[in-house]
Amino acid sequence: MDTFGWATLTPEILLLVMACVIALVDLRVTGTRRTLTYTLTLLTLAATALIAGWQAVQGGTAYGFSNMVVNDPMGNWLKCFASVAMMATLVYSRSYAGERDMMRGGELFILGMFSLLGMFVMIGGNNFLVIYLGLELLTLSSYALVALRRDDTTATEAAMKYFVLGAMASGFLLYGLSMLYGATGSLDLGQVLKAISSGQIRHQVLVFGVVFIVAGIAFKLGVAPFHMWVPDVYQGAPTAITLIIGGATKFAAFAMAMRLLVEGLLPLAIDWQQMLAVLAVASLLVGNLAAIAQSNLKRMLAYSTISQMGFVLLGMMSGVVRGDAASAYNAYSSAMFYIVSYVLTTLAAFGVILLLSRKGFESDEISDLAGLNQRSPLYAAVMAVCMFSMAGVPPMVGFYAKLAVLQALVTSGLPLYVGLAAFAVVMSLIGAFYYIRVVKVMYFDAPVDATPVVAGADARLVLALNGALVLVLGLLPGGLMALCAQAIVKTLGT
Amino acid sequence: MGWLSLAIWTPIAFGAVLLALGKQGQEGLVRWLALAGSLLSLLVTVPLYQGFRLGTAAMQFVERHTWVERFNIHYHVGLDGLSFWFVPLTAFITVIVVIAAWEVITERVNQYMGAFLILSGLMIGVFSALDGILFYVFFEATLIPMYLIIGIWGGPNKIYAAFKFFLYTLLGSLLTLVALIYLYTQSGGSFDIATWHRLPLSSTAQTLIFFAFFAAFAVKVPMWPVHTWLPDVHVEAPTGGSAVLAAIMLKLGAYGFLRFSLPIAPDASHRWAWLMIALSLVAVVYVGLVAMVQKDMKKLVAYSSVAHMGFVTLGFFVFSDLGMAGGIVQMIAHGFVSGAMFLSIGVLYDRMHSRDIAAYGGVVNVMPRFAAFALLFAMANCGLPGTAGFVGEWMVILAAVKANFWIGLLAATALIFGAAYTLWMFKRVYLGPVANEHVRELTDINGREFLIMALLAIAVLYMGIYPKPFTDVMDASVAELLRHVAVSKLP
C-alpha cells in the first residue's frame, strides 16, 4: 500500500498542511493578539510533538521515498524536542512580539512553522540533497524572521549579516557535498558510507570534501572560527527570533552533524575528529573569553552558546578511538544529552528576558536584571538555575551534560583527549565567572527599575515548568540519559 | 527512607518550603518554621547516635539505590567513625545559626533561613555520600547557597568576597571531577568509593590523583598557600555564614582527605606526606603569626582557623592513630569553638557595627555576662585543658613528637601563638576601662543570645572534659584506615 513510505513523513506532512491552513485562516484574524492563529499553531506543534514522540517510543527505523528520508529514534526524539522547544518559544514570545509590531500578520507563527519544517527535513534526511533542502528551508525562514521588524535598523542589519554569511556557509556545505558526490557517485548516505568503506576512493578527494562539510556544519552550529554571525544576530534579532535560532534550531544542526559526519562519513572519523577538536578548542577559548567582556545579556549568551557548542563537539569527537568505534554510542549519546540540556536551559534563560521586556524596553542588558530577586523571586530563581546549569554546577542538568562529555573524553584513554578534558574544565571555570555575575546582578544589586513584572499566566506557567525541569532533570538525569543512549544505539545499531 | 536520608533531606525540604514563603508579613511564621525545621533535623540525628555500633569500621545506616543507571551512579549513603560526628554537628550548628539570626536578619528572612537549611542538608550529604558523583554533587551544590548568603547579606565588600569564594573553590573541585572520571574508567565503570579504595593504581596515576584531590580539598581546608580566600570571605560574610563556614564547610575539605586522598592514593600520600606536613606547619606557625597582627576581629579568627586546620592536616599525615584521631577531634572541636568565636563577634557587631579591635575596649564593664562566655571561648581557642580545643591539639602534638621531635616542637609553638593572639585580642576588646561612648552604651546579651552562648559553652566544656564519646566512635575506623593506608596499592 504505502510504497512511498508516507508514514515516515507524517509529522512533516501535518506541519506543512497546517502551516498553509493557518496562513489562510490568519487572513481573517485581526488585532495584535492573534489568539486563533496562536492556538492553532500551538495545537499543531503539540500534535507533531506527540506523533514524533510516539514514533520514537515505537523505536523502529523506517526509510521512505526510496531512502530519501529516514525515520529513526534519534531523529524522532529530536523532532519531538524541537516541536516542544518551538512551542515554548512561541508562548514566551507572544506578548513580546505583539508589543513590537511583529504581529500585524501571522508571519511569526507561519515562518516559525516553516522553519520547524525545515528542521524536520534536516533531521529526517538520509540524502545529501534532502538535508540541504531542509537546511535551506530553515535558514530562509530564519532570515525572514530576523528581519520581521522592518523598521528596526539593528534587526535589519543582523538579517543582512546572517543572510550573507549563511549563504556563504551553505555554499561551503554544498561544495563539500558535491565533492563527495563526485568521488562516491551517490547522494545517499548509506551508499556513500559503503563506497568510502570499500577503500577504493582516493582519500585526498574525500578529505577535501570533508573540510568543506565540517566548515558548513561549524557555521550552522556557530562554533569558532565560524562564529562571527552568532553574537551580532543574537543581539540584533528580536529576542523571540533569537530564541528560535538559539533553541530548536540547535537540534537540527546537531542532527545534520550526526547524519553527515557519523552516518555518512564514519570511516573518515580520524580526519573530521581532528577538525572538530580544533573547532572545539577555539570555541571554548573564544566563547568563554569574549563572554566575560559583554554587558549585553543576549550577546553574552551568544558567546556562551559558542562555548557550549564546543562542548558538544568534544562529545562528538570522542566516538572513534584508534579506528575503533566501540565507544561511539557513549560519545554520541553524551553529545545528544548535552544538546538537549543546553536547549532546555537556553529556553528558560531567554524566556526570562522575553517576559521581562515590555513595550519600548528590551531588557537585554545584564544591568536590566538588577535586583530581580526583589521584583520577582520566581524569574530570578529560574534565571539563577539556568546560569548555574550553564556553568555546570550540580545539581542542575548542565552538570550532567558536562560530566557525560568529559566522561566520553576520558574513557577514550588517549592522553590528548584527557588533556582536552582538563582544558575544557579550566574553560568552564572561566565560564562560571560570567554566569555567576548574572546571579550577582539579580540577587546582590539593588533594583533600578521598580516597574512590576507582568506576564500572561500561560507564559508564567511554562517558564516555571521549564526552570523546574532544569533542576529536576539535574536531580534525576537518569531517564533522559537512558533515552538519549537508546536513541543513539537504535539509530546507529541498525 | 532511613534515618540518614531523613537527616539529609529534612532540612532541604524545610528550606524549599521556606523559599516559597516570600510574602511580606510572614517573617514570624518563617522564623518559627525555620526553627522547627532545624530542630527536627537535629532530632532525626539522635536515632543515628543511638543506633551507631562501636568497634566496627564498616559503614552503617547504608542506603543504596540506583540513581543514574547509564553511568552506574548510585544514591549510596552511609556513616562510619570518620564521618559520624559531623552529621549531628552540622545539624546543631544550623539550629544555632537560625536562633542567632532571629532578630538580626530582617530582609528576605525566608531566603536567608531557607539557604541555611538547604546548606545544612547538603553538607550532611557530603559527609554521608559513598558514591563519588553523589559526593561531588553535594560538595559543589554547597557553593550555591553560600555564594548567595555572602552576596546578599554580607558586608560592604561582599561581592568581591562572594566571587572569590565561588571561583576559588570551583577551581579546585573541577580538577577533582577529572580525577573522579579517571577513577571511574580505571575501575571499569564504577563510582563506588569503596571500590576505588581497593583499586590498584600506578605510582604516576596515584600522584596525579593525589594532587587533583589536593586541589579541591586543600582549598577548602584551607591549607597554606591557598588559604587567602578565607580571611576575605569571613570578613564580609554575615555572622551565620562565617559560623557555618568555619564550623562545617572547612571540614568538608579535611574530610575529603580521609575519604579520598589517603585511601585511594596511599603510596602517593606517603610519598608526599613531607609536603603536607610542611604546609601544615607553615599554616600553624606562619599563619599564627599573621593572626597576631590583625586589626579586624573576624580576620584574626579567620587566620586562627587556618592555623587550627593546620593541626588537622598535620595529624592526618603523620600516619598514627593518635594523630589521625586527634585530627578528627580537632575538626569537631574547632567546629564548636570557631562557631562560638564568630557568633561572639556577631553579638558585638550587631551592636556596634564594627569589627575593628581598636573600636572596642572595656566591654566587660558593660556586658559582664557576655564577656564571661567570650572568655571561655577564647580559652578554648588557645587550647586550655578542660575545653574542647585542648583535646585534639594535644593528641596531634603527641603524635607529631612521636613521629619526629622537631615537627612536634614546631607544632607545639602553636599553643604559644594561639594563646598570644587570642588573649591579646581578648585583652584589647574586653578588658581595661571603657574605651569610648559607644562601648558605654552597649547592652548585655538578651535571652536569645544567652541561649546560643550557653548551648555552645556546654558543648565546648563537655567535649573538653569528657571526649570519650567522640573518640570511641572513631577508633575502629581510624585503625582500619591506617591499616589500609599502610598497604601499598601499586600493581
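Helices are DSSP runs of H or I with at least four residues, numbered from the N terminus, and the exercises below apply that numbering to a predicted model.

**Exercise 1.** Describe helix α15 of chain B and state what the backbone does just after it.

*Solution.* Begin with the extent of the helix: α15(B) covers residues 297-317, which makes 21 residues. Next, take its span, which runs to 31 Å from the first C-alpha to the last and is close to the 30 Å expected at 1.5 Å a residue. Then turn to burial, for which a residue needs 20 or more other C-beta atoms within 10 Å of its own; by that count 21 of the 21 residues of α15(B) are buried. Finally, just after α15(B), B:Phe319 adopts a positive phi of about 55°.

**Exercise 2.** Work out how strands β1 and β2 of chain B are arranged.

*Solution.* First, find the sense of pairing: β1(B) and β2(B), the latter spanning residues 73-79, are antiparallel and share 6 bridges. As one example of a bridge, B:Thr66 has B:His74 in β2(B) as its partner. The connection comes last: the two strands form a hairpin with 4 residues between them, and B:Asn72 in that turn has a positive phi of about 60°.

**Exercise 3.** Analyse the side of chain B that touches chain A.

*Solution.* Start with the totals, since the contact takes 31 residues from chain B and 25 residues from chain A. The elements of chain B that give two or more residues to this side are β1 (60-68), α6 (132-141), α7 (143-153) and α8 (158-186), and the largest share, 15 residues, comes from α8(B). Sorted by class, this side of chain B holds 24 nonpolar, 3 polar and 4 charged residues.

Notes. Residues numbered from 1 in each chain as written. Chains lettered and ligands numbered in written order. Predicted model: local features only at pLDDT ≥ 70, side-chain atom pairs only at ≥ 80, totals over all residues. Contact = placed C-beta atoms within 7 Å. Nonpolar A, V, L, I, M, F, W, Y, C, P; charged D, E, K, R; others polar. Pairing = 2+ DSSP bridges. Expected span 1.5 Å × (residues − 1). Buried ≥ 20, exposed ≤ 12 C-beta atoms within 10 Å, placed from the backbone.
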